[in-house]
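Here are my notes on this two-chain model, written as I'd say them over the bench. Have the sequence and the 3D view open while you read.

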Amino acid sequence: MGAISLNPGFVLIAAAFLMLAAPKSVRAPLMAGAAALSMWLLLDNEFGAASAVAQMGLSVVLLNLDALNRVFGIGFLIALVLLAIYTSGRRNRLEDAAITLLAGGAVSALFVGDLVSFVAALALAGLSATWLLFVAPVAGAAGAGARLLIWHGLEGLLFLVGVAFHISAGAENSVFKQLDIASLGGGFIFAALMIRVGAPFAHVWLKDAIGHASGAGAVALAVFSSTLGVYALARLFPAEPALIFVGAAMTVLGLIYAAAEDDLRRSAAYVLTAQMGVCVALIGDGSPLARAASQAHVFSLTFAFSLLLMAHGAIIERHGASALSGLRGLARGMPVTSLLLLCGGLSVAGMPGFASYVSYAVALAAVGDWEQRLLWTLLIVNSAALIVILIIRPASVVYVATDSAPPHQAAIFPMMLGMSLSAFFCIAVGFNPHWLYQLMPTELAFSPYTFDRLAPALEAIGAAALTYLALRLVRFAPTEKAQALLDMDVFYRGPVSGAGRWAGIVLLRLYGAWQVAFDRVAVAAGALLARAARACDLPYKDSLAGAVLLVATAGILLIICLSWR
Amino acid sequence: MTKPNPPRAGGAAPMLTLLSAVILALGLGFDFGLNHSRASWIGAEPGARALIASAAVIVVVAAARLLRLALGRSEHGGGHGRD
């Protein structure tokens, strides 16, 4: 029996529309079932292009399966099953549909084989991410949705222009192949992907969106948004040296902001930027091992961020906010969730025994040469800082002994189950790395648990933790207080935008005052001229001015006549 | 003028310190004990990662502190708030 040549993402898109009409009890099974069916379609097909048609002279390849998109697809679909379990306890029809549609757009984008279909799928994913924010029951979510719509609109525009330029060089260019950043089309597409991955100056959309989404929405945005950009970079711009610098900048920026942020979710969004930066830099490095490490790391982070953001969602569900300064003694009220929160932190930070350690070990091996020492140092810095940001700092707050601990309020069972299963995947892959290595496009025979790899990792973790605890003891480390940090979004939603608004009001008032003054001067000048004109109309009037005017006019005429030759 | 009280002892800090010290000791022990080969560069020397990690944490914490001073706004004050 032949395999069905259908893009797995299309099943999710169809399920999203069905979900709009489905009762609550059916929605979570429908989401999980659609993910399972997509997984079957993904695993049942052989590698290679299928479902290719010619449209207006362009090749439209709706299904192109290879090892690169398979590893991303498996990660996405497992994450969607985990999300289905996590969301099964709450009632939000529109958000369920938006999550499934976002996953559908992202998975469709993974498996198409041409640029036009890719742009369409990417735009669908972007629109559904926006929809996810519009339907989130969170204060300020609609505004964040509008801002995200602008970011995705800009990304789509750049992508479309790039694709148009690229295809104008020849219809055969519509299929996926490596692009040149120096070409006009390649440059526009690269710029669009920089927005998607959250490169510096465009990184704020991720923090803004995740910070305003619901618990489940934040997980979906983290898993299905910027990771798609990493996939596209791996597909279209492998071994592009500029990516090393972009990735390094993303990592440094993300780490510093994450360390300073008080809100756990915004901090997690910055950590996601930092980790995506690592993946982007590895793609830029370009060696087969570095590219395999990048893909493996995205796969590991899919589960790690699912767990971390699910834990944040569970905390918000009970406490209404995820600001670290308001979570002192949380572990007494939510012991299991607190444990899973730290488990998520360990997963993202790459603690031995967790999935991201086994991918990070490959990354360190890939950049271990003298020539790549800067990238190697960046990876060590990232790992050390994440230990502090995601483990030591939250643990120091949620496990602190307080007199006014919150009451015991465990998360609801479906949330617990979703988090526990995410933790299971993180640990299972961590202890069975060959499961992950077998999925890689490059065959990996790698042992992450040898002493020469484990010992340096342990000493870095221990040293980072002790250093931070010492800094905390001497009060050098920032204390937890309710604070929002200004970022690039200050230009459109912070004090700078407020100053711009005020400047506009002042300029309008100045313009009004100038208009009034001009009117007054014009009226006065008009009156003066009218008086002069009246005086001219009555030259024989019995007045001195009239006589003077008459004599002056006669004198001027006489001079003109005499000087005329 | 009163001196500010030291941070309250208790909670997770002692346990975290102990755990971190054990992990560091294990890592350093294995690194120095097993790394007999001549290192190709300073990053491959035994204990180098511990030093880099410590330095990285100091730099990141200092940068975060500066960032809060320069760009931090109270959530309840006149900052741009949550929206």
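What percentage of the 565 residues of chain A count as buried? The figure is 55%. Keep in mind throughout that this is a predicted model.

1. **Chain A, overall shape.** Chain A is built from 23 helices and 3 strands. Its radius of gyration comes out at 32 Å, whereas the globule rule gives 24 Å for 565 residues, so chain A is more spread out than a compact globule. If you line the C-alpha trace up on its principal axes, chain A spans about 115 × 70 × 60 Å.

2. **Contacts within chain A.** Take the contacts in chain A with a separation of 6 or more: 80% of them are between residues 24 or more positions apart.

3. **A helix pair inside chain A.** Have a look at H15(A), residues 335–349, and H18(A), residues 413–431: they pack at an angle of about 30°, and their axes are 10 Å apart. The crossing is left-handed. H15(A) brings Val336(A), Leu340(A), Cys343(A) and Ser347(A) to this contact, while H18(A) brings Met416(A), Met419(A), Ala423(A) and Cys426(A). Sorted by class, that makes 7 nonpolar residues, 1 polar and no charged.

4. **Tyr511(A).** This tyrosine sits in H22(A), the helix that covers residues 495–537. Is Tyr511(A) buried or exposed? Tyr511(A) counts as exposed, because it has just 10 C-beta neighbours inside 10 Å and the cut-off for exposed is 12 or fewer. For a sense of distance, pick Asp369(A) as well: the two are 142 residues apart along the chain, and their C-alpha atoms are separated by 64 Å.

5. **Chain B on its own.** Chain B has 2 helices and 1 strand, in the order α-α-β from the N terminus. Of its 83 residues, 24% count as buried.

6. **Where chain B touches chain A.** The contact involves 48 residues of chain B and 53 residues of chain A. On the chain B side, the elements that give two or more residues are H1(B) (13–34), H2(B) (48–71) and E1(B) (72–74). H2(B) gives the most, with 16 residues. By class, the side of chain B that touches chain A has 24 nonpolar, 16 polar and 8 charged residues.

7. **Helix against helix across the chains.** Which helix of chain A packs with H2(B) at an angle of about 65°? That's H17(A), residues 373–398, and the two axes are 8 Å apart. This crossing is right-handed. From H17(A), the contact residues are Thr377(A), Ile380(A), Val381(A), Ala384(A), Ala385(A) and Val388(A); from H2(B), they are Arg49(B), Ile52(B), Ala53(B), Ala56(B), Val57(B) and Val60(B). The class count here is 10 nonpolar, 1 polar and 1 charged.

8. **Strand against strand across the chains.** The chains also meet through strands: E3(A), residues 483–485, pairs with E1(B) in the antiparallel sense over 3 bridges. If you want one bridge to click on, try Gln483(A), whose partner in E1(B) is Ser74(B).

Conventions: Residues numbered from 1 in each chain as written. Chains lettered and ligands numbered in written order. Predicted model: local features only at pLDDT ≥ 70, side-chain atom pairs only at ≥ 80, totals over all residues. Contact = placed C-beta atoms within 7 Å. Helix = DSSP H or I, 4+ residues; strand = E, 2+ residues; numbered from the N terminus. Nonpolar A, V, L, I, M, F, W, Y, C, P; charged D, E, K, R; others polar. Pairing = 2+ DSSP bridges. Axes fitted to C-alpha atoms, helices over the stretch in contact; angles between N-to-C directions. Left-handed = near helix turned anticlockwise from the far one by under 90°. Buried ≥ 20, exposed ≤ 12 C-beta atoms within 10 Å, placed from the backbone. Rg over C-alpha atoms; globule rule 2.2 N^0.38 Å.
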